[in-house]
Amino acid sequence: MSEAAGTTLLEVRGLKKHFGGVKAVNGCDLEIHQGELVGLIGPNGAGKSTVVELLSGLVKPDAGTVVFDGREIQGLAPHEIFASGLARCFQLAKEWPQLTVLENLLIAIPPDGKDTIWRAFGSPRKARAAEAEARDRCLAIAEKYRLFPLRNDYAFTLSGGQKRLLEFARIALARPKLALLDEPMAGVNPVLQVQIEQGIRNLLDGGSTVLLIEHNLGFVERICDRVIVMVEGRVAASGSLAELRENPIVQDAYLGGVGAA
Ligand code: ADP
Ligand code: MG
């Protein structure tokens, strides 16, 4: 964990989003600290995915504040929120099918503000060096995510699981302060699950904080520092899964409903 471990990175207050009569998110309050891996669980329809959409700016909240890294971000455009260091997996991460794996990685590196076409004209040697450095970074990430042998393949030829690894690699290149992962394990085989778990750990090792929506409670218990339970658009409780199992509200609304989970 970094020096800043324990400081509040994200603070959500009174977040609300109704779709017609559906109160998808209805007064959600939550906090995430620097360096944490937080699980977000709750029954289907509890509003978990909508929270992710609200945080990443794809859906505008009806009410509430979101303070991220010391700044209010509710209502900002998705690209502004992404530029501030908050990345949602499976959003950024849509691969470009007609580009190769390596090309997909290269375009995931955020611009550093200096890397303009004018620099290429003004100082071609420096521009070439920057390009070589970016390429090396991408190849190293490809290696880490087991994509190296596929680096020259078009993205449309990848399997579903390989596309998910490419998403992780792209997120890792973007180096977000906070990564929101909405059910990254859904529909992937056990071998890939191990790689995705490794991907999550890599993100943490790289300095990212992670919010993970996941319905496999065994996995959540094993990997997460803390778990937040959402029920009917709000946070019902937060703590370790062991603590939450003892919580009558959670038992009633959620754990009770899934038996011995
Ligand atoms: P979860 O991810 O916890 O399963 P969601 O956030 O996907 O829950 O959904 C919460 C509720 O909001 C559900 O009742 C869902 O049908 C509804 N909902 C989500 N997005 C929309 C939308 N764009 N339009 C209408 N209703 C929506
Ligand atoms: Mg969902």
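**Close-up views of a predicted model**

**View 1. The shell around ligand 1 draws most on α1.** With three residues, α1 gives the most to the shell around ligand 1. The two elements that each put two or more residues there will come up again below, but here is the full cast: F19, V22, A24, P43, N44, G45, A46, G47, K48, S49 and T50 surround ligand 1 (a residue is near if one of its heavy atoms lies within 4 Å). By type, that shell splits into five nonpolar, five polar and one charged (Ala, Val, Leu, Ile, Met, Phe, Trp, Tyr, Cys and Pro count as nonpolar, Asp, Glu, Lys and Arg as charged, and the others, Gly among them, as polar).**View 2. Polar contacts hook up with oxygen atoms of ligand 1.** A polar backbone atom of G45 sits 2.8 Å from an oxygen atom of the ligand, and a backbone N or O atom of G47 is 3.0 Å from an oxygen atom of ligand 1. T50 brings a polar side-chain atom to 2.6 Å from a ligand 1 oxygen. (A polar contact is a pair of N or O atoms within 3.5 Å; within protein, one must be able to donate a hydrogen and the other to accept it, and residues adjacent in sequence count only if both atoms are side-chain atoms.) On its own, ligand 1 has 560 Å² of accessible area, and the protein covers 58% of that (Shrake-Rupley, 1.4 Å probe; for residues, only the protein chains shown count as cover). β2 (22-33) and α1 (48-56) are the elements giving two or more residues to the shell (DSSP runs numbered from the N terminus: helices are H or I, at least four residues; strands are E, at least two).

**View 3. One aromatic pair is found in the structure.** The ring centres of Y154 and F156 are 5.9 Å apart and the planes meet at 15°, so this pair is stacked (centres within 6.5 Å make a pair of Phe, Tyr or six-membered Trp rings; planes under 30 degrees apart are stacked, over 60 edge-to-face, the rest tilted). Y154 is partly exposed at 42% relative accessible area, and F156 is partly exposed at 46% (buried is under 20%, exposed over 50%, partly exposed in between; 1.4 Å probe, protein chains only).

**View 4. R146 has a positive phi without being a glycine.** Its phi is about 60°. R146 sits in the loop between α5 (124-144) and α6 (160-174), and is exposed at 56%.

**Notes.** Residues are numbered from 1 along each chain as its sequence is written, with chains lettered from A and ligands numbered from 1 in the order written. In this predicted model, local features need pLDDT of at least 70, side-chain atom pairs count only at pLDDT 80 or more, totals for chains, interfaces and linings use all residues, and side-chain values use heavy atoms, leaving out hydrogens and water.
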